[in-house]
Amino acid sequence: MRRLLLPTFAFLSLAAAAQAADASARVTLKGPKGEPVADAVVSLIPLDQPAPPAAPAGRAEVAQEDEQYQPYLTIVRTGTTVEFPNRDRIQHHLYSVSDAKKFEKPLYAPGAHESVTFDRPGVVTLGCNIHDWMVAYIVVVETPWFGRSGADGAAAVSAPAGRYRIEVWHPRLIDAKTRRPAPPLQREVTLGADGWSEEIALPLAPDRRIRRAPADKSSRY
Amino acid sequence: MRTAALPLLAAAAFLAPATPASEWPLQLSARAAWAENHSRTSDPNTAKDAAAHEVAASTGVTRQLASGWLASADGVVAREQVPKFDALDAWRFALQGDLRRKFGLGPLAPTLQVGASVQRSKFEEDGRSGTQLQAGVRLGKRLTPSWRAAAGGEWTRYYARHAPFDLHQQRVYVETAWDLTERWQLSAGAARIEGEITANAAGPVYMAALAGGFGPAIQSYYRSIPWHVTGTFGPGWIAYRVDAEADLWWAGISPALGERTSLPLRYERADVVNRVGVRYVSEFWSLALMHRF
């Protein structure tokens, strides 16, 4: 009986959440010079209502192509399995030392793929231990209400009216004082029928990636 | 010599069969260089400057042996031309293998690399042609994502057809590179070589040395070393081999023209002093176009 009730309850909760999703949180994200900030993750964590239902097991993909990870930023819900196909001409390694998920996949060949299930919320930084410039981020969230900012710096997340903690994170987000990488910006917001909107300035580190271009050899004497 | 090349060939044979051709990325470079005292001459009045051009192609394959352990094998083909002194035109073919240990994960993890190479050089002037064996160790680390440093040592042995070109050297070096931006990179380094180098002299200068014109110490030493009339830098020019210490330093700036292309401009100076105090100074400027496919 319980086996039947639980999925039914989960389904009804999801349906109710979907029906009540009539308010929108809109944020416009600006960088240090007032420029729009793309690829920021915006998520809403409910403070009053029960925790959102668990996500159905999902799948996502981050490919190795042209000696880069594609896409650079992926947002998934807890429990999602991410595939990492190697669509390059050369072998790639894959690792994360992030607290949210530590793993290492040894070099694997073009055409092969690996997969990892992300079972804890947090930011996971991906790297390749032989191509130092390869980096990508997987942001694992527990809430179904999340979004990412576009090229205009705007992100909109629809959710039922209520009180939320809004979290904003970007790969270059830093603490303005220490200039060190920072955890997500957090703010409590109340989402009414009219929604909620705000412009947020993000302290960001300069967009510096590790150089890829070939280096000259040592002394030629 | 042949025995030393065997492990490299075996490593290449081990790595190659399981590797699809698409895994052998090609790197091409074209370099134009200007050398002041290309002739490595101690007498500034007779030193010969020259331009040199080089094109090179290399490819290789990498395998992970265990966590943190990488093995790689590379092949290099290069053609160098010195239009003013075509006896120095050369083909080079090299096979090199490296074993790299990275102590941890991430760009900032230090790496220790040991490697060996065998290189066959075929000069227009055949006496210079020969086989070089080299072994080296290198410790490198990114101190920040945009600043990396390395130190290493190399042992080199060159077996040439004629004795003045046989060399035995040890080299230690430090080098650093700083990415000012994703496009611009500054680099610098210094090295010290101890061992043998080949120098050249105009016939009359060398004969004066043999006759004692530069003192008994030079006379005695120059009579004990191998030398050969080559004509490389002019009629009657002589190549000879000396024990020496060389201090090198270099600096460069390299714009990235794309994610796979760079255009490094580089200056290098070599200050060599042989066992009896004779000094040879050479300077090099080079501009290269490098592309990794």
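Is B:Thr156 buried or exposed? Select it and take a look: with a relative accessibility of 9%, B:Thr156 counts as buried, because the cut-off for buried is under 20%. Keep in mind along the way that this is a predicted model.

**Stop 1: around B:Thr156**

Colour strand 7 of chain B, residues 147–160, and you will find B:Thr156 in it. Now show the side chain of B:Gln134 as well: a polar contact of 2.9 Å joins it to the side chain of B:Thr156. To fill in the surroundings, add B:Gln132 and B:Leu133, then B:Leu167, B:His168 and B:Gln169; B:Thr156 touches these as well as B:Gln134, leaving aside residues up to four places away in sequence.

**Stop 2: a pair within chain B**

Next, select B:Arg128 and B:Glu125. They form a salt bridge, and their closest N and O atoms are 3.0 Å apart. Are these two partners buried or exposed? B:Arg128 counts as buried at 10% relative accessibility, and B:Glu125 counts as buried too, at 12%.

**Stop 3: a pair within chain A**

Move over to chain A and pick A:Arg163 with A:Glu188. Their side chains meet in a salt bridge, 2.3 Å from N to O. A:Arg163 sits in strand 15 (residues 162–169) and A:Glu188 in strand 16 (residues 185–191) of chain A, so this pair ties together parts that are 25 residues apart in sequence. A:Arg163 counts as partly exposed, with a relative accessibility of 30%. If you want to keep exploring such pairs, the structure holds 36 salt bridges over all chains.

**Stop 4: where the chains meet**

Give chains A and B separate colours and turn to the contact between them. How many residues does each chain bring? Chain B supplies 55 residues and chain A supplies 33. About 3800 Å² of area is buried between the two chains, and carbon and sulfur atoms give 44% of it. Between chain B and chain A there are eight salt bridges, and 23 residue pairs are found in polar contact across the interface.

For a close-up, select B:Arg31 and A:Asp216, whose side chains meet in a salt bridge of 2.8 Å, N to O. B:Arg31 belongs to strand 1 (residues 26–36) of chain B, while A:Asp216 lies in the segment after strand 17 (196–201) of chain A, so the pair joins two chains. At 4% relative accessibility, B:Arg31 counts as buried.

Then show A:Asp66 and B:Arg260, where the side chains meet in a salt bridge of 2.5 Å, N to O. Both of these residues belong to a network of salt bridges. To see the rest of that network, add A:Glu67, A:Arg212, B:Glu259 and B:Arg292.

**Stop 5: a nonpolar patch**

Finish on the surface of chain B. Switch on a surface view and select B:Trp34, B:Leu143, B:Trp147, B:Trp178, B:Leu180, B:Trp184, B:Leu186, B:Ile253, B:Leu265, B:Trp285 and B:Leu287: together they form a nonpolar patch with about 990 Å² of accessible area. Which strands each supply at least two residues of the patch? They are strand 9 (184–201) and strand 14 (279–292) of chain B.

As a last click, choose B:Leu186, which is found in strand 9 of chain B. B:Leu186 has a relative accessible area of 32% and is partly exposed.

Notes
Residues numbered from 1 in each chain as written. Chains lettered and ligands numbered in written order. Predicted model: local features only at pLDDT ≥ 70, side-chain atom pairs only at ≥ 80, totals over all residues. Heavy atoms only, no water. Patch = residues over 30% accessible without salt bridge, like charges linked within 9 Å, V, L, I, M, F, W, Y side chains within 5 Å. Areas by Shrake-Rupley, 256 points an atom, 1.4 Å probe, with all protein chains shown as cover. Salt bridge = Lys/Arg side-chain N within 4 Å of Asp/Glu carboxyl O. Helix = DSSP H or I, 4+ residues; strand = E, 2+ residues; numbered from the N terminus. Buried < 20%, exposed > 50% of the residue type's maximum accessible area, 1.4 Å probe, protein only. Contact = heavy atoms within 4.5 Å. Buried area = accessible area lost by both parts, 1.4 Å probe. Polar contact = N/O pair within 3.5 Å; in protein donor to acceptor, adjacent residues only side chain to side chain.
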